[in-house]
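Biologist: Before we discuss any labels, could you show me the model and then take me through the reasoning behind each of them?

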Amino acid sequence: PILASAHESSCIRLWSIQGNLMKELLPFSEHPSGPLTALCTDIFTKILLAGSEKGYIIRWNMASFLEDPRNKKNEIKEELCRRAHATKVVELFIEEEKNVVVTASIDGSVRLWHAMTGYYFGYFGQARKFELSDTSRLILPSDVSAFPAIIKEESKDMEKKVKYPLILDKDK
């Protein structure tokens with residue numbers, strides 16, 4: 001068994017059942033997700049989802065880490081970061097049979113997403129039916145304009161870079 005705690009610093013801490021800290025996770029993406037407000041996993045605890053105060057959903061793959069947490073090569077990989085709501089995410093869960101994630105926000109909206117790609121299916125109460133089989137055309141909610149950031153595996157070792165204006169830009 002493993003316990004996860006979400007914190008105001010955007011950090012997730014993974015604990016053993018004995019209370020020992022096993023791992024700390026920070027979101028990798030460039031978008032500041034803000035304090036974390038919701039956590040959930042799939043039934044096998046291979047996928048970890050976190051929702052934030054700024055409306056972001058972040059997905060980590062924990063499968064290799066949980067196989068052998070003592071092996072330093074088995075990392076937890078951040079796979080996706082997307083803006084799901086314009087306001088704080090208060091609840092999220094994975095519906096495994098249909099492979100969807102359901103998110104809820106303080107704005108009163110409840111939205112449906114594809115669990116692996118982050119594709120937006122729609123919101124509860126919409127006039128049209130959910131089309132769960134078609135993920136070919138990317139659509140966004142009306143209040144979100146940022147496309148999902150898919151984290152490539154080779155970028156996991158990169159550090160966040162600070163941009164310094166070292167070259168004279170005559171247009172500015």
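Modeller: This is a predicted model, and its secondary structure comes to 1 helix and 12 strands, which run from the N terminus in the order β-β-β-β-β-β-α-β-β-β-β-β-β. Of the 172 residues in the protein, 40% are buried, and the accessible surface comes to about 10,900 Å², with 54% of that area belonging to carbon and sulfur atoms.

Biologist: Why is His85 called buried?

Modeller: The relative accessible area of His85 is 0%, and the label applies under 20%, so His85 counts as buried. As for its place in the chain, His85 lies in the loop between strand S7 (77-83) and strand S8 (89-95).

Biologist: What makes the pair His85 and Ser109 a polar contact?

Modeller: The side chains of His85 and Ser109 are joined at 3.1 Å, and the cut-off for a pair of N or O atoms is 3.5 Å, so the pair falls within the limit. Leaving aside residues up to four places away in sequence, His85 also touches others, among them Lys54, Asp107, Arg111 and Val144.

Biologist: Why is Thr45 called partly exposed, and what is its phi?

Modeller: Thr45 has 22% relative accessibility, and because the class in question lies between the 20% and 50% limits, Thr45 is partly exposed rather than buried. Its phi is positive, at about 60 degrees, although Thr45 is not a glycine, whereas most residues other than glycine have a negative phi. Thr45 is placed in the loop between strand S4 (36-41) and strand S5 (47-52).

Biologist: What makes Asn99 partly exposed?

Modeller: At 29% relative accessibility, Asn99 is likewise set against the limits of 20% and 50%, and it therefore counts as partly exposed. Asn99, in the loop between S8 and S9, is another residue other than glycine with a positive phi, here near 60 degrees.

Biologist: How do you know that there is enclosed space, and which elements line the largest cavity?

Modeller: Rolling a probe the size of a water molecule over the atoms shows where empty space is left. The count comes to 2 cavities of 30 Å³ or more, and about 90 Å³ of space lies in the largest cavity. Strand S6 (56-61), S7, strand S9 (100-105) and strand S10 (110-114) each give two or more residues to its lining, with S6 giving the most, 3 residues. The lining of the largest cavity divides into 7 nonpolar, 3 polar and 2 charged residues, and it includes Leu49, Arg82 and Trp113.

Definitions and conventions
Residues numbered from 1 in each chain as written. Predicted model: local features only at pLDDT ≥ 70, side-chain atom pairs only at ≥ 80, totals over all residues. Heavy atoms only, no water. Helix = DSSP H or I, 4+ residues; strand = E, 2+ residues; numbered from the N terminus. Buried < 20%, exposed > 50% of the residue type's maximum accessible area, 1.4 Å probe, protein only. Polar contact = N/O pair within 3.5 Å; in protein donor to acceptor, adjacent residues only side chain to side chain. Contact = heavy atoms within 4.5 Å. 1 Å grid on protein atoms, 1.4 Å probe; cavity = no way out; pocket = protein on both sides within 12 Å on 5 of 7 lines; lining within 4 Å. Points joined across faces, edges and corners; volume = space filled by probe spheres on them. Nonpolar A, V, L, I, M, F, W, Y, C, P; charged D, E, K, R; others polar. Areas by Shrake-Rupley, 256 points an atom, 1.4 Å probe, with all protein chains shown as cover.
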